[in-house]
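Hello,

Here is the structure I promised to pass on to you. Please open it alongside this email, and then read on for what turned up in it.

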Amino acid sequence: MSITCNTLLHQNFFTSIKLRAGSNGLDRVVSWTQVCQTENVSYWAHGGALLFITGTVPHASMLNDILEEGIKKNLAGLVIITDNKYIKEIPALLLQKATAARFPVFSMPGSKKIIDIIQSITKLILTDQLNANNIVDFLNYLLFADNTTKDKLLNRAFVDQISIPRYFFVCIFTFVPTKDIILNKSILQQKVDFYCDIHNINSMSIIYGNNVILLAGANNLRDIAEDYTMLDEYQKMLNIEAKNTVRTAFGNIYDDISKIKNSYQEANFALVMLSHFADRHCSHYNELEFYHLLQQIENKNELQIYCCNKLQILFEQNTRYKNRLLETLKIFLESHNNVKRAALVLHVHRNTVAYRLKKISSMLHIDYTDSKCCFELHLAIFIKEYLDNKIV
């Protein structure tokens, strides 16, 4: 987990420091701290630094230039020391500019010792870097090492000082880069970690290839289910921000550390499946297990024959009816044979659905009250989608 401006706000040593602007940029990562010794920061301030403005900047009017340079240099934020001698108050216009740029600005009373704050932040960053290295090593071992056993994994967790929750699942985030979206895997990881941090989701993440692999855990079923739901909702929010360029895949929930690799492999399978559905941005393995089963069938011709035996006549007539018959049958079966519900999904009158179903029944000689018949039809439609999307 990276140290962000939001992380600092929750530390005891930061209580006297107040956030004045840029609350929408609190996910900025603080990589180091620096003290401003001049009104020009271009030559010595580095991206990710949290910059402390002291009395060596004698006029508040210089703050605007420092802010603009800080934004350009992609600093983590500014901490402006206010007192009665130098900077009495932070200009309102500067705070407005900072918020517009998603750039955090804090105020700190001059009575507070700056050296104590900087030492505390430095210690926090170094500890986090050590923990991050342990997490990377542990997750790589957990997900990719061969011949691991439960005892070996628990011993490794003990050595790396990592707590293993009782329940867990793996979630993979990746993105399709476009010229309009400035997003890379490091930023994606920071965003995901930040979300987990502020929502108290127990998690660890690593970057592997172009993917961010997240392991989320909890000590009871209710909490792990809530975490799963929250991350599912978060990927929707993330896609709004990233203009639908993020792809997310979920593995199943397990309660055995030796099965963590299973959840990762399931999430990876679900991610691969997303490449076959252009209109989807998230997939869950528990909704795709049947696809996985179909992949084990070597002779795909058998699947094609099964579809044709059940739906061939409908396929032949489908163009004539502008593909509405097959769609209606699918939605009707997915709606548990409820005409009213199917009509709502299709945005047509229920009489229209009833007419189409009657037409389908006449073509295929089927009885919708026969549960076995409906199951076989639904299965045939499912297999057709599998074959049409060339999932082999």
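Glu233 has a relative accessible area of 39%, so it is partly exposed (buried means under 20% relative accessible area, exposed over 50%, and partly exposed in between, with a 1.4 Å probe and protein chains only). Its partner is Lys236: the two side chains meet in a salt bridge, 3.2 Å from N to O. A salt bridge here is a side-chain nitrogen of Lys or Arg within 4 Å of a carboxyl oxygen of Asp or Glu. Lys236 is partly exposed as well, because its relative accessible area is 42%. Glu233 and Lys236 are three residues apart in helix H7, so about one helical turn separates them.

Before going further, please keep in mind that this is a predicted model, in which local features need pLDDT of at least 70 and side-chain atom pairs count only at pLDDT 80 or more, while totals for chains, interfaces and linings use all residues. Residues are numbered from 1 along each chain as its sequence is written, and side-chain values use heavy atoms, with hydrogens and water left out.

**More on charges**

How many salt bridges does the rule give? The count comes to eight. One of them joins Glu68 to Lys97, with the closest N and O atoms 3.6 Å apart. This pair links distant parts of the chain, since Glu68 sits in helix H2 and Lys97 in helix H3 (residues 92-100), 29 residues apart. Glu68 is partly exposed because its relative accessibility is 37%, and Lys97, at 31%, counts as partly exposed too.

Arg280 and Glu287 also meet through their side chains in a salt bridge, at 3.9 Å from N to O. Arg280 has a relative accessible area of 27%, so it is partly exposed; Glu287, with 48%, is likewise partly exposed. In addition, Asp27, Lys191 and Glu241 are linked in a network of salt bridges.

Side chains of opposite charge can pair when their charged atoms come close. Which side chain of opposite charge is nearest to Asp227? That is Arg222, 9.5 Å away, and Asp227 is buried yet has no salt bridge. Asp227 belongs to helix H7 (residues 221-241). Leaving aside neighbours within four places in sequence, Asp227 is in contact (heavy atoms within 4.5 Å) with Phe169, Ile201, Gly217 and Ala218.

For the protein overall, there are 41 positive and 38 negative side chains, and the centres of the two sets lie 5 Å apart. Lys and Arg count as positive and Asp and Glu as negative, with His and the chain ends not counted; each charge is placed at NZ of Lys, CZ of Arg, CG of Asp or CD of Glu.

**Three more residues to look at**

Is Asn6 buried or exposed? Asn6 is buried, because its relative accessible area is 8%. You will find Asn6 in helix H1 (residues 5-9), where it touches Leu26, Phe194, Asp197 and Ile198, not counting residues up to four places away in sequence.

Phe144 is in helix H4 (residues 114-144) and is partly exposed, at a relative accessible area of 26%. Beyond its neighbours within four places in sequence, Phe144 is in contact with Ile206, Tyr208, Ile213, Lys261 and Tyr264. From Phe144 to Asn268 there are 124 residues in sequence and 13 Å in space, C-alpha to C-alpha.

Ile71 lies in helix H2 (residues 63-72) and counts as partly exposed, at 29% relative accessibility. Outside the four places on either side in sequence, Ile71 is in contact with Ala101 and Phe103. The C-alpha atoms of Ile71 and Cys307 are separated by 59 Å, with their positions 236 residues apart along the chain.

**The whole protein**

The secondary structure comes to 14 helices and 10 strands; helices (H or I, at least four residues) and strands (E, at least two) are DSSP runs, numbered from the N terminus. The C-alpha trace spans about 90 × 55 × 35 Å along its principal axes. Of the 392 residues, 45% count as buried. Among contacts with a separation of 6 or more, 69% are between residues 24 or more positions apart.

Enjoy exploring it!
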